[in-house]
Amino acid sequence: MTNETEHFLQHLRLELNHSQLTVAAYGADLSLFERFLAPGGDFDAESVTAADVRAWLVNRSAHGDGPRTLRRRVQALRAFYKYLMQRGLAATNPAADVELAKVPQRLPHVMRPRGMDAVLDVEVDVTDFAAVRDHLIVMMLYETGIRRAELIGLLDRNVSTTSCEIKVHGKRDKERVVPFGDELRSWIERYRALRDESVGTVENFFVTATGRPLYPSLVYQVVHTRLAAVGGAGQYSPHVLRHSFASALLADGAGINSVKELLGHESLAATQVYTHVTLSELKHNYKLAHPRAIKKGG
């Protein structure tokens, strides 16, 4: 990896606040590109052409890269050359006019409200710290739409039962405030009482029985176990609850811009996929309920 590439990755991490995963992915993309064009290690960024970029993408496709991966690889090159141009190290961006691979749109899986009622209306031993915490994990993910990483990083001081709001630090350390309702407030108060009694004073809102912050696989297992109990076999991740949160809000008439802000999306395009989910749900209900749809097979 060249010095320019190393400096670019530092720029992404330290100046643009990109996540570690993004920086690692871009670093891997650029390393592959450099090795493809200069197996001997004498990579010259300024001599790269659009034809070189296209040849690399053909090569990566032959190695099994799908459309999403190919898109990211081009985006990594575009960002790298934009950085070089800003610093006078390259005259043009050879990836600028390379067409991005088209990715077939996949609608996110969501839990229907009736299914979530079955998950959240179960009896919980309110004297059991882990049972109350796990129930609250599922409830908070569904009722606020926050990401798993945001839930794990949630600080106790940023959860207010007075104003019924949580302050969330999202991607690129951007902060947003998400409201919640009375039922969630009651469970938060119940959990806090048990936590403070069994663990003591902590900085993180959610902790293990030993007072340590939660870890991703624990949250995944908690969510998967409870959703699979009512939904059958399937990939029931914490992100499914985020999808379900957005879909439920739009289905009940919430404005898409409001949902965008609650989710912490940077662009409206990321939120618009949920309008397709809502439309799909409407079509499904229509086919089940409308007599002419049933008679004519939809």
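The following exercises, each with a worked solution, concern a predicted model.

**Exercise 1. The nonpolar cores**

Determine how many residues the largest nonpolar core has, and which helix contributes the largest share of it.

*Solution.* Step 1. The largest nonpolar core has 49 residues. Within this core, the residues with the most contacts are M116, I137, M140, L151, F205, F206 and L227.

Step 2. Helix α6, residues 129-144, supplies the largest share of this core, namely nine residues.

Step 3. Another core, of 26 residues, lies apart from the largest one; L12, V53, V74 and V98 are among its members.

Step 4. For the general background, nonpolar side chains tend to be buried together in soluble globular proteins.

Step 5. F206 illustrates the contacts in detail. Leaving aside residues up to four places away in sequence, F206 touches R133, L136, I137, M140, L151, L154, Y191, R212, P213 and L214.

**Exercise 2. The aromatic pairs of F33**

Classify the ring pairs that F33 forms with F43 and with W56, and decide whether each of the three residues is buried or exposed.

*Solution.* Step 1. A search of the whole structure finds nine aromatic pairs. Such a pair is described by the distance of the centres and the angle of the planes.

Step 2. For F33 and F43, the centres are 6.0 Å apart and the planes are at 75 degrees, and the pair is edge-to-face. F33 belongs to helix α2 (residues 20-37), whereas F43 lies in the loop between α2 and α3 (50-62); the two are ten residues apart, and their pair links distant parts of the chain.

Step 3. For F33 and W56, the distance is 5.0 Å centre to centre and the angle between the planes is 70 degrees, again an edge-to-face arrangement. This pair also links distant parts of the chain, with F33 in helix α2 and W56 in helix α3, 23 residues apart.

Step 4. Buried means under 20% relative accessible area. F33 has 1% relative accessibility and therefore counts as buried. F43, at 14%, counts as buried, and so does W56, at 1%.

Step 5. Elsewhere, ring pairs join F8, F80, Y81 and Y83 into a cluster. An interaction of another kind involves W187: the charged end of R190 sits over its ring, 4.5 Å from the centre.

**Exercise 3. The sheet**

State the order of the strands in the open sheet, and explain why β1 and β3 are left with one side without a neighbour.

*Solution.* Step 1. The open sheet consists of three strands in the order β1-β2-β3, with antiparallel pairing.

Step 2. β1 (159-160) and β3 stand at the edges and have a single partner strand each, so one side of each has no neighbour in the sheet.

Step 3. Strands β2 (residues 165-169) and β3 run antiparallel and are joined by five bridges. In β3, R176 is the bridge partner of V168, and E175 is that of H169.

Step 4. The hairpin of β2 and β3 has five residues between the strands, and R172 takes a positive phi near 55 degrees there.

Step 5. Strand β3 (residues 175-179) has a covered face made of R176 and V178, while E175, V177 and P179 make up the uncovered face.

**Exercise 4. Helix α10**

Compare the span of α10 with the expected value, and explain why this helix is described as largely enclosed.

*Solution.* Step 1. Helix α10 (residues 238-251) has 14 residues, which at 1.5 Å a residue should span 20 Å; the end C-alpha atoms are 20 Å apart, so the values agree.

Step 2. Ten of the 14 residues are buried, and α10 is therefore largely enclosed by the rest of the structure. The buried residues are P238, V240, L241, R242, H243, S244, F245, A246, S247 and L250.

Step 3. Just after α10, G253 takes a positive phi of about 100 degrees.

**Exercise 5. Positive phi outside glycine**

Locate N17 and C164, and state what phi each takes.

*Solution.* Step 1. Most residues other than glycine have a negative phi.

Step 2. N17 has a positive phi, near 60 degrees, and lies in the loop between α1 (3-15) and α2. With 40% relative accessibility, N17 counts as partly exposed.

Step 3. C164 likewise has a positive phi, near 55 degrees, and is found in the loop between β1 and β2. At 10% relative accessibility, C164 counts as buried.

Key: Residues are numbered from 1 along each chain as its sequence is written. This is a predicted model: local features need pLDDT of at least 70, side-chain atom pairs count only at pLDDT 80 or more; totals for chains, interfaces and linings use all residues. Side-chain values use heavy atoms; hydrogens and water are left out. A nonpolar core is a set of buried Ala, Val, Leu, Ile, Met, Phe, Trp, Tyr and Cys residues joined through side-chain atoms within 4.5 Å. Buried means under 20% relative accessible area, exposed over 50%, partly exposed in between (1.4 Å probe, protein chains only). Helices (H or I, at least four residues) and strands (E, at least two) are DSSP runs, numbered from the N terminus. Contact means heavy atoms within 4.5 Å. Two strands pair if DSSP finds at least two bridges between them. Rings of Phe, Tyr and Trp (its six-membered ring) pair if their centres lie within 6.5 Å; planes under 30 degrees apart count as stacked, over 60 as edge-to-face and the rest as tilted. A charge sits over a ring if NZ of Lys or CZ of Arg is within 6 Å of the ring centre and within 35 degrees of the ring normal. The expected span of a helix is 1.5 Å times one less than its number of residues.
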